[in-house]
Amino acid sequence: LVTLVNGAYQPLQWPKLYNLRMWTTDIFAGNSLVGAGGGEDGIETTSLANFVTNSANEGVLDLWRGPWPGILRSNIVISVAPGLNIDETIKNRSLGEAYFLRAHYYFVLVRFFGDVPLITQPQSSSSNLYPSRTPAGEVYAQIISDLENAAELLPVKQDYTDADKGRASKGTALGMLAKVHLTRGNWQEVVNLTAQLQSMGYSLNANYADNFRTETENSNESLFEVQYAANAGYDFWSNENQSSWASTFMGPRSSGLVAGAYGWNQPTQEFMSNYEAGDNRKDVTVLYEGGPAFDGQQYSASRSFTGYNVRKFLVPLSVSASFDNSPLNFPVLRYADVLLMRAEALNELGQTAAAEAPLNEVRNRAGLDDIQSGLSQSAFRDAVLKERRLELAFEGQRWFDLIRVNNGQYGLDFLHSIGKTNADEHHLLLPIPQIERDRNPNLTQNPGY
């Protein structure tokens, strides 16, 4: 059963999800450009970022296909586990992990595509192999149910041995449930869940950089991260690869600064302009000329089309001397995110004064003063969203913030303000890939595509 569950985690590691496509959402969210080698390099992501994509886009196809193997594998565990005569502790934990993973995969799908087929049993030749799309509200109801089940079944993080570090825990499920309720605007639920998490022993790392170092993975700030390993024994480009692509793809192109170095994900000047003086996240997050050296080398702005490269996921050559061996995990949910969710929800409930404390906890760790007291609800909302943008930069969170706030109008207003004037309401969802619709005639297309 544990082996089956381990297989359900594996699609998270794939390029279709956290090894590439999830973090490239920051590019179409306006934080960065593809960069890379220019021209056709990463053209599918450039099309998404320019809001000229269509239903043949390869990046969209990856995001559609990425979660389904994980859903199938989770369904198998949920189907077979109750009937097994095995240790109850392992059985319950495995069931909890599968409920969490199924919920997470569906949460990815429903935010990108809206209505999606809801499949909760392993499919066989006798199943309906051409399922229609289920309304998003029903999908969210299943996600919430699965996360509530997971939270009941999973142990707390502290109960895991080192050998099982990185598995989903009770806090993982509660944190993801808070994120789901945040997405749905269920503010009181967010407040209740984040209060529970505050009492569970999580804390911010004293040093922001410790969230992105191999030596401090799965720290007290981590609720969930995708696990990667060096020397995993598989081809770098295959699904079975268990090493991270992030350092290789984001390293300044042809710089020798890190192994590989393809130069993707180059921060924009507009993004950089949001840092306040003294924000210590800047030096951790971005390479910029005149900034601190990386692994003993100074950075030159000539390495990038924008003059900047992402730094937070770069792995020194001393850790990974080969492009295909980076062991750096990818953060999915951090306690800083929990605090920012709490601040946002309290403010939306009219409790702006109480919302200052969790926001200030994040700001103070960044070396910044407390937020100005007495802000209006609207001004405080803007402050939290700006803090989320900087705290969670390049972690694949910004796009989901853009499309959820004010039913996506927040995102459209922002995109228009940075010159992406052809972004409109239909771009808040991605197109259903045409190749999938050709195979399943019951799949309808999202409006506008």
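Two strands pair if DSSP finds at least two bridges between them. The legends below describe close-up views of a predicted model.

**Figure 1. Strand β2 and its partner β6 in the predicted model.**
Strand β2 covers residues 222–226 and strand β6 covers residues 330–334. The two run antiparallel and are joined by 4 bridges. At one position of this pairing, S222 of β2 stands opposite R334 in β6. In β2, 5 of the 5 residues are buried, so the strand is largely enclosed by the rest of the structure. In a regular strand the side chains alternate between the two faces of the sheet.

**Figure 2. The salt bridge between E97 and R167.**
The closest N and O atoms of E97 and R167 are 3.0 Å apart. E97 belongs to helix α6 (residues 88–113), while R167 sits in the loop between α7 (136–153) and α8 (170–184), so the pair ties together parts that are 70 residues apart in sequence. Both E97 and R167 are buried. Over the whole structure, a search finds 31 salt bridges. Side chains of opposite charge can pair when their charged atoms come close.

**Figure 3. The salt bridge between R213 and D210.**
The N to O distance between the side chains of R213 and D210 is 2.7 Å. R213 is partly exposed, with a relative accessible area of 33%. D210 has a relative accessible area of 17% and is buried, because buried means under 20%.

**Figure 4. R281 and E387 within a network of salt bridges.**
R281 and E387 form a salt bridge in which the closest N and O atoms are 2.5 Å apart. R281 lies in helix α12 (residues 281–285) and E387 in helix α15 (residues 377–391), so this pair ties together parts that are 106 residues apart in sequence. R281 is buried, with a relative accessible area of 0%. E387 also counts as buried, at 3% relative accessibility. The network that links these two residues includes E221, E276, D279, K312, R334, R363, R365, E391 and E395. One of these members, R334, is the β6 residue that stands opposite S222.

**Figure 5. Helix α2 and the glycine that follows.**
Helix α2 spans residues 21–28, and 8 of its 8 residues are buried, so the helix is largely enclosed by the rest of the structure. The buried residues are R21, M22, W23, T24, T25, D26, I27 and F28. After α2 comes G30, which has a positive phi near 90 degrees.

**Figure 6. F113 in the largest nonpolar core.**
The largest nonpolar core has 132 residues, and F113, I143 and W399 touch the most other members. Helix α6 gives the most to this core, with 14 residues. Not counting residues up to four places away in sequence, F113 touches V60, L63, W64, R133, L429, L430, P431, I432, P433 and N446.

**Figure 7. A nonpolar patch on the surface.**
The patch is formed by L4, V80, L84 and I86, which together have about 260 Å² of accessible area. V80 lies in helix α5 (residues 68–80). At 33% relative accessibility, V80 counts as partly exposed.

**Figure 8. Two alanines with positive phi, A36 and A261.**
A36 is not a glycine, although its phi is positive at about 55 degrees. A36 is found in the loop between β1 (32–35) and α3 (43–49). With a relative accessible area of 4%, A36 is buried. A261, likewise not a glycine, has a positive phi of about 70 degrees. The loop that holds A261 runs between α10 (246–250) and β3 (264–267). At 3% relative accessibility, A261 counts as buried.

**Figure 9. Q121 in the loop between α6 and α7.**
Q121 counts as exposed, at 51% relative accessibility, because exposed means over 50%. The C-alpha atoms of Q121 and N440 are separated by 19 Å, and the two residues are 319 residues apart along the chain.

Notes:
Residues are numbered from 1 along each chain as its sequence is written. This is a predicted model: local features need pLDDT of at least 70, side-chain atom pairs count only at pLDDT 80 or more; totals for chains, interfaces and linings use all residues. Side-chain values use heavy atoms; hydrogens and water are left out. Buried means under 20% relative accessible area, exposed over 50%, partly exposed in between (1.4 Å probe, protein chains only). A salt bridge is a side-chain nitrogen of Lys or Arg within 4 Å of a carboxyl oxygen of Asp or Glu. A nonpolar core is a set of buried Ala, Val, Leu, Ile, Met, Phe, Trp, Tyr and Cys residues joined through side-chain atoms within 4.5 Å. Contact means heavy atoms within 4.5 Å. Patches are made of residues with over 30% relative accessible area and no salt bridge: like charges are joined within 9 Å, nonpolar side chains (Val, Leu, Ile, Met, Phe, Trp, Tyr) within 5 Å. Accessible areas come from the Shrake-Rupley method with a 1.4 Å probe; for residues, only the protein chains shown count as cover.
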